[in-house]
Amino acid sequence: MARLQATFGGSQPSTFGGGSSFFSLAIQGVILSELKLFIPGPTWIRPEVRKAGSYPEFGHRDKQAVEIISNILMNLEHIAELPAAYQATLINGSGSNAMECAVRSLVAETDRVLCICVGAFGELFQTLATGFNAHVERLDFTPGAGIDLDILKSVLDKGSFDVVTLTHNESSTGVATDIVQVCELIRMHGALAIVDGVSLFAGAPTCIAQALPAAYVTATQKCLALPPGFGIAFVNEAALAKAQTIKNRVYTLDLLRHVDMARQGQTLTTPNCTLLNQMHVQLDYIVNQEGLQARFARHRKQQNDVRAWVRARPERFRLFTEDADASPSLTSLYVDSRLDLSRTKALMREAGYLIDTGYGKLNKRLMAESGQVMMRIPHMGDISDQMLGSFLNALDNFTGDLAR
Ligand SMILES: *Cc1c(COP(=O)(O)O)cnc(C)c1O
């Protein structure tokens with residue numbers, strides 16, 4: 001099999017947005033070519049972070065690992081605007097692993113669990129809790145809508161739940177939740193809250209200091225704009241006390257072991273040291289170069305820009321969420337039924353972009369109910385205004401037939 005040489009187009013981010021591939025390499029006939037990822041994770045990675053992937057390997061129990069991990073945890077605490085009573089930990093795997101660890105360590109088999117569900121990732125918590133034999137109830141809200149606090153209150157009043165799970169930013173529908181109000185309601189009912197902040201962390205404030213959930217979990221490959229490979233958990237004293245009472249935490253799902261190792265600047269099992277190098281570089285960039293508030297403001301601006309772009313094209317697209325429920329990191333939109341999304345995807349691929357064509361299960365349901373499907377435009381991580389503008393122009397061109 002012929003082996004092609006790797007070709008690099010250049011090193012400036014400004015070369016992104018052109019029609020030709022930036023990177024291409026064939027290995028045994030499999031062609032790896034670069035696409036700008038406009039999907040809701042994993043996200044586009046800055047050249048500087050890619051470069052950090054080539055830094056030297058190191059021993060994960062050596063003092064260099066302790067220095068790097070301690071620095072990473074410090075910066076994660078800064079990004080989370082974390083109160084002193086919380087501990088940050090790295091958990092090998094991805095966001096789902098951190099969710100599973102939190103559920104395994106905080107839910108007893110006799111517990112009553114409520115999984116608040118505004119989309120597919122709310123259901124994931126239900127799957128996890130059910131797997132650990134807890135008594136699980138699910139509270140569903142209409143896809144695209146947020147949590148109705150009155151309904152939640154009446155369910156909590158009746159249920160005497162021990163643990164409640166919720167999703168800060170539901171990536172399947174593009175709905176963000178006011179976790180301060182919801183977690184306050186949960187605490188008033190004497191339950192522990194576990195929050196999935198996977199697709200929001202580092203794109204908007206976590207609000208942990210105001211919401212005070214027992215556990216808040218996230219991951220590297222969404223708004224942090226890193227490759228996947230770590231789950232991240234922030235836990236408080238209430239979570240640690242509860243975990244002490246849970247019998248079958250075993251090993252990799254034992255939050256107490258993870259916290260104990262994090263306090264020593266370590267991970268429980270062998271971490272991806274390549275990703276640690278990249279994370280070290282990227283978190284320093286977020287905290288000390290871009291700045292947290294500027295990063296949040298950029299996400300807000302892009303949210304507004306994309307919503308305005310959608311509103312200006314009513315014959316092709318329609319917003320899936322109300323402004324009040326809108327996610328800061330991705331925008332979901334109904335696509336007119338005359339538009340062929342798979343053709344659009346193929347054309348965008350030729351132009352160098354990988355686009356999202358909606359959450360499969362949800363689109364099946366929407367198609368059956370309304371004959372329309374939705375897609376998501378992510379604006380998370382390190383996507384610049386210029387990159388987003390070029391992306392929207394390309395999408396405009398390839399969906400423009402209907403407008404003419
Ligand atoms: C992506 C995502 C997850 C799953 O995270 P993985 O890192 O893929 O395991 C969970 N919740 C939300 C809201 C997500 O967007």
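# Worked exercises on a predicted model

Residues up to four places away in sequence set aside, His379 is in contact with His299, Gln302, Gln303, Val306, Ser327, Pro328, Ser329, Leu330, Thr331 and Leu388. The coordinates behind this list belong to a predicted model, and the exercises below work through several of its local features.

## Exercise 1. The setting of His379

Determine where His379 sits, whether it is buried or exposed, and which side chain it joins in a polar contact.

Solution. Begin with the chain: His379 is found in the loop between strand 17 (373-378) and helix 14 (385-398). Next, take the relative accessible area, which for His379 is 0%; since buried means under 20%, this residue counts as buried. Finally, turn to the polar atoms, where the side chains of His379 and Thr331 are joined by a polar contact of 2.7 Å. Thr331 is also one of the residues that His379 touches.

## Exercise 2. How confident is the prediction?

State what pLDDT the protein averages, and identify what the model shows over residues 9-20.

Solution. The average pLDDT of the protein is 94, and 94% of the residues score at least 70. Over residues 9-20, however, the pLDDT is below 50, and this stretch has 18 contacts in the model beyond near neighbours in sequence. As for the division into domains, the protein consists of domain 1 (1-34), domain 2 (35-45 + 293-403) and domain 3 (52-287). The C-alpha centres of domain 1 and domain 3 are 36 Å apart.

## Exercise 3. The buried face of helix 8

Find which residues of helix 8 are buried, and explain why they can be said to line one face.

Solution. In helix 8 (residues 237-244), the buried residues are Ala239, Leu240, Lys242 and Ala243. Viewed down the axis of helix 8, these buried residues fall within an arc of 160°, and therefore they line one face of the helix. The partners against which they pack are helix 3 (95-106), strand 8 (163-167), strand 11 (192-196), strand 13 (230-235) and helix 9 (255-262). At the start of helix 8, moreover, a side-chain oxygen of Asn236 comes to within 3.1 Å of the backbone nitrogen of Ala238.

## Exercise 4. Backbone geometry

Locate the cis peptide bond at Pro42, and then contrast the accessibility of Leu212 and Ala225, each of which has a positive phi.

Solution. As background, most residues other than glycine have a negative phi, and most peptide bonds are trans. The cis peptide bond joins Gly41 and Pro42, with omega about 0°, and Pro42 lies in the loop between strand 4 (36-38) and helix 1 (47-52). Leu212, although not a glycine, has a positive phi of about 50°; Leu212 is placed in the loop between helix 7 (208-211) and strand 12 (215-219). Ala225, likewise not a glycine, has a positive phi of about 55° and lies in the loop between strand 12 and strand 13. With a relative accessible area of 36%, Leu212 is partly exposed, whereas Ala225, at 0% relative accessibility, counts as buried.

## Exercise 5. Cysteines without a disulfide

Work out how many disulfides the structure holds, and why Cys183 forms no bond with Cys207.

Solution. The structure holds 0 disulfides. For Cys117, which is in no disulfide, the nearest cysteine sulfur is that of Cys115, 7.7 Å away; Cys117 counts as buried at 2% relative accessibility. For Cys183, the closest cysteine sulfur is in Cys207 at 9.6 Å, which is too far for a bond. Cys183 is buried as well, with a relative accessible area of 1%.

## Exercise 6. Pro213 and Thr218

Describe the surroundings of Pro213 and of Thr218, using their contacts and accessible areas.

Solution. Pro213 lies in the loop between helix 7 and strand 12 and is buried, its relative accessible area being 1%. Leaving aside neighbours within four places in sequence, Pro213 is in contact with Tyr86, Cys183, Ala193, Val195, Ile208 and Asn236. Thr218, by contrast, lies in strand 12 itself and is buried with a relative accessible area of 0%. Beyond residues up to four places away in sequence, Thr218 touches several residues, among them Gly95, Ala98, Gly197, Phe201 and Phe230. Regarding Gly197, its backbone oxygen lies 3.2 Å from a polar atom of the side chain of Thr218.

Definitions and conventions:
Residues are numbered from 1 along each chain as its sequence is written. This is a predicted model: local features need pLDDT of at least 70, side-chain atom pairs count only at pLDDT 80 or more; totals for chains, interfaces and linings use all residues. Side-chain values use heavy atoms; hydrogens and water are left out. Buried means under 20% relative accessible area, exposed over 50%, partly exposed in between (1.4 Å probe, protein chains only). Helices (H or I, at least four residues) and strands (E, at least two) are DSSP runs, numbered from the N terminus. The arc is that of the directions from the helix axis to the C-beta atoms. Contact means heavy atoms within 4.5 Å. A polar contact is a pair of N or O atoms within 3.5 Å; within protein, one must be able to donate a hydrogen and the other to accept it, and residues adjacent in sequence count only if both atoms are side-chain atoms. Domain bounds come from an automatic or database domain assignment. A disulfide is a pair of cysteine sulfur atoms within 2.5 Å. pLDDT is the predictor's confidence in each residue, from 0 to 100.
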